[in-house]
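Student: Before we look at any single contact, could we agree on how each label is earned, so that I can follow the reasoning from value to conclusion?

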Amino acid sequence: IPGLKAPPDSERLRPEQFTKEIVQLYSLVFHLITMCEENGAVQARRHAEDESICAISGLWGQHLQAMKGAGFTSKQVAKLLPEIYVEPVLTAHPTEPKRASTLRHHRALYLLLVERENKMYTKVEQEEIGREMKA
């Protein structure tokens with residue numbers, strides 16, 4: 001980040017200061033940041049889909065538009081469809097064990113984040129949701 005400077009050594013945590021609680025706090029902060037980033041990515045994807053389904057890389061719309069641009073007719077495309085082989089790809093993601101109560105809290109916080117973004121709520125209602133998020 002331009003202009004961001006590391007804190008002086010006198011303000012940095014020393015290894016003995018990394019208590020269990022501090023490590024948990026950092027873990028929670030990074031988890032919340034990840035939730036916000038994922039939510040932002042979902043919103044950006046939805047916006048792009050609203051603009052044009054062909055704008056999303058890897059979706060059928062983009063490929064069908066490219067075929068149309070290459071001069072394929074709809075009949076030619078329809079004739080090729082039975083020859084296409086599609087299979088799902090499952091990707092493993094690292095998991096971190098969490099207590100069920102912690103997962104419920106994270107889920108509730110995420111739902112409040114999504115609710116706060118909803119444009120149907122007034123500013124007052126959005127502020128109230130923000131207060132719930134902080135509680």
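Tutor: Let us begin with accessibility: a residue is buried under 20% relative accessible area, exposed over 50%, and partly exposed in between. Keep in mind that this is a predicted model.

Student: Why is Arg14 called partly exposed?

Tutor: Arg14 has a relative accessibility of 45%, and because that value falls between the limits of 20% and 50%, the label is partly exposed.

Student: What makes Glu16 exposed?

Tutor: Glu16 reaches 58% relative accessibility, and since exposed means over 50%, Glu16 counts as exposed.

Student: How do you know that Glu16 and Arg14 meet in a salt bridge?

Tutor: The N to O distance between the two side chains is 2.9 Å, and a salt bridge requires a side-chain nitrogen of Lys or Arg within 4 Å of a carboxyl oxygen of Asp or Glu, so the pair qualifies. The structure holds three salt bridges.

Student: Which residues form a salt bridge in helix α5, and how far apart are they along the helix?

Tutor: Glu128 pairs with Arg131, with the closest N and O atoms 3.0 Å apart, and because the two residues are three apart in helix α5, which covers residues 123-134, about one helical turn separates them. Glu128, with a relative accessible area of 37%, is partly exposed, and Arg131, at 47%, counts as partly exposed as well.

Student: What is the arrangement of Glu49 and Arg45?

Tutor: Both lie in helix α1, four residues apart, or about one turn of the helix, and their side chains meet in a salt bridge with an N to O distance of 3.0 Å.

Student: Turning to the rings, why is the aromatic pair of Phe18 and Tyr26 called tilted?

Tutor: A search of the whole structure finds two aromatic pairs. In the one formed by Phe18 and Tyr26, the centres are 6.3 Å apart and the planes make an angle of 35°. The distance is within the 6.5 Å limit, and the angle is neither under 30 degrees, as for stacked rings, nor over 60, as for edge-to-face rings, so the pair is tilted. Phe18, Tyr26 and Phe30 form one aromatic cluster.

Student: What makes Leu13 eligible for the nonpolar surface patch?

Tutor: Leu13 has 35% relative accessibility, and because patches are made of residues with over 30% relative accessible area, Leu13 passes that cut-off. Leu13 is located in the segment before α1, and the patch, which also includes Phe18, Tyr26 and Phe30, has about 710 Å² of accessible area together.

How values were computed. Residues numbered from 1 in each chain as written. Predicted model: local features only at pLDDT ≥ 70, side-chain atom pairs only at ≥ 80, totals over all residues. Heavy atoms only, no water. Phe/Tyr/Trp six-rings, centres within 6.5 Å; stacked < 30°, edge-to-face > 60°. Patch = residues over 30% accessible without salt bridge, like charges linked within 9 Å, V, L, I, M, F, W, Y side chains within 5 Å. Areas by Shrake-Rupley, 256 points an atom, 1.4 Å probe, with all protein chains shown as cover. Buried < 20%, exposed > 50% of the residue type's maximum accessible area, 1.4 Å probe, protein only.
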